[in-house]
Amino acid sequence: MERLESRTVYTNAWMTVREDRIRLPDGSTGIYGVVEKPDSALVLPRWTEGFWLVEQFRYPVGRRAWEFPQGSWGHGDGGGASALARQELAEETGLRAETFTHLGHLYEAYGYSTQGFDVYLATGLTEGEPDREATEQDMVHRSFTDAQIRAMVLAGDIVDAPSLAALTLYTMSR
């Protein structure tokens, strides 16, 4: 596949949407819409019997749901993926971890987006106060057992694809 031309359709502080005209192997042409977003980090905060999760309202789908702490650097901020994982964990839950183990790098939705995310297992947790961003003011966090998390996945209470992929990565790495 060959990109023939590209144009920015929309941009804001969090993303850029571009439209690429492409040529397929048979010579025909088409269009791809691509969402460019910076990579993020997702943290699996592990305690003895399960994980800590966060719940918040997600505007695009109009509902609240549980997920693992995750996020990307703010506009003008930057650093490595492990530093981002530490920041997101502390910001969203107040938790601090003794160890962070990198489990892998995945892509959020590579059929239309450039965004990938690094998955970290956080262990040796110490509780503290969250320091959430304004957009996270409705967020809550709490711990769940492995059995509760399994039931939540099956009941549709955890529907965040990156969280489910990270949980699978954790399960397969054990």
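Select Arg21 first: in this predicted model the residue counts as partly exposed, at 35% relative accessibility. Show its side chain together with that of Glu5, and the two will be seen to meet in a salt bridge, with 3.9 Å from N to O. Because Arg21 lies in strand E2 and Glu5 in strand E1 (residues 2-11), this pair ties together parts that are 16 residues apart in sequence. Glu5 is also a partly exposed residue, its relative accessible area being 46%.

Stay with strand E2 and select Arg18, then add Glu36. These two residues form a salt bridge whose closest N and O atoms are 2.5 Å apart. Distant parts of the chain are linked here, since Glu36 belongs to strand E3 and Arg18 to strand E2, with their positions 18 residues apart in sequence. Is Arg18 buried or exposed? At 14% relative accessibility Arg18 counts as buried, while Glu36, with a relative accessible area of 31%, is partly exposed.

Next, move to Glu55 and Arg64, whose side chains meet in another salt bridge, at 3.2 Å from N to O. Here the acidic partner, Glu55, is buried, with a relative accessible area of 17%, whereas Arg64, at 31% relative accessibility, counts as partly exposed. Before leaving the charged side chains, select Arg3, Arg18, Asp20 and Glu36 together, as salt bridges with shared partners join these four into one network. A search of the whole structure finds ten salt bridges, so the pairs visited on this tour are to be read as examples from that set.

For a contrast in side-chain chemistry, select Met1, Leu24 and Tyr32 and display their surface. Together they make a nonpolar surface patch of about 300 Å². Leu24 is found in the loop between strand E2 (16-23) and strand E3 (29-36), and with a relative accessible area of 30% this leucine is partly exposed.

Now go to strand E4 (residues 40-47) and select Leu42, which has its place there. This residue is buried, with a relative accessible area of 0%. Which residues is Leu42 in contact with, leaving aside its neighbours within four places in sequence? They are Phe68, Pro69, Gln70, Phe117, Asp118, Val119, Tyr120, Pro162, Ser163 and Ala166, and displaying them as sticks around Leu42 shows what surrounds the side chain in the model. For a distance check, draw a line from the C-alpha atom of Leu42 to that of Arg142: the two atoms are separated by 16 Å, although the residues are 100 apart along the chain.

Finally, return to a view of the whole chain in cartoon form. The protein has three helices and ten strands, and when followed from the N terminus on, its elements run β-β-β-β-β-β-β-α-β-β-β-α-α. The C-alpha trace spans about 55 × 35 × 30 Å along its principal axes. Of the 174 residues, 36% are buried, and among contacts between residues at least 6 apart in sequence, 57% join residues at least 24 apart. Switch to a surface representation, and the accessible surface comes to about 10,100 Å², with 52% of it belonging to carbon and sulfur atoms. Colouring by charge brings out 16 positive and 26 negative charges, whose mean positions are 4 Å apart.

Notes:
Residues numbered from 1 in each chain as written. Predicted model: local features only at pLDDT ≥ 70, side-chain atom pairs only at ≥ 80, totals over all residues. Heavy atoms only, no water. Patch = residues over 30% accessible without salt bridge, like charges linked within 9 Å, V, L, I, M, F, W, Y side chains within 5 Å. Areas by Shrake-Rupley, 256 points an atom, 1.4 Å probe, with all protein chains shown as cover. Helix = DSSP H or I, 4+ residues; strand = E, 2+ residues; numbered from the N terminus. Buried < 20%, exposed > 50% of the residue type's maximum accessible area, 1.4 Å probe, protein only. Contact = heavy atoms within 4.5 Å. Lys, Arg positive; Asp, Glu negative; His and termini not counted. Charge placed at Lys NZ, Arg CZ, Asp CG, Glu CD.
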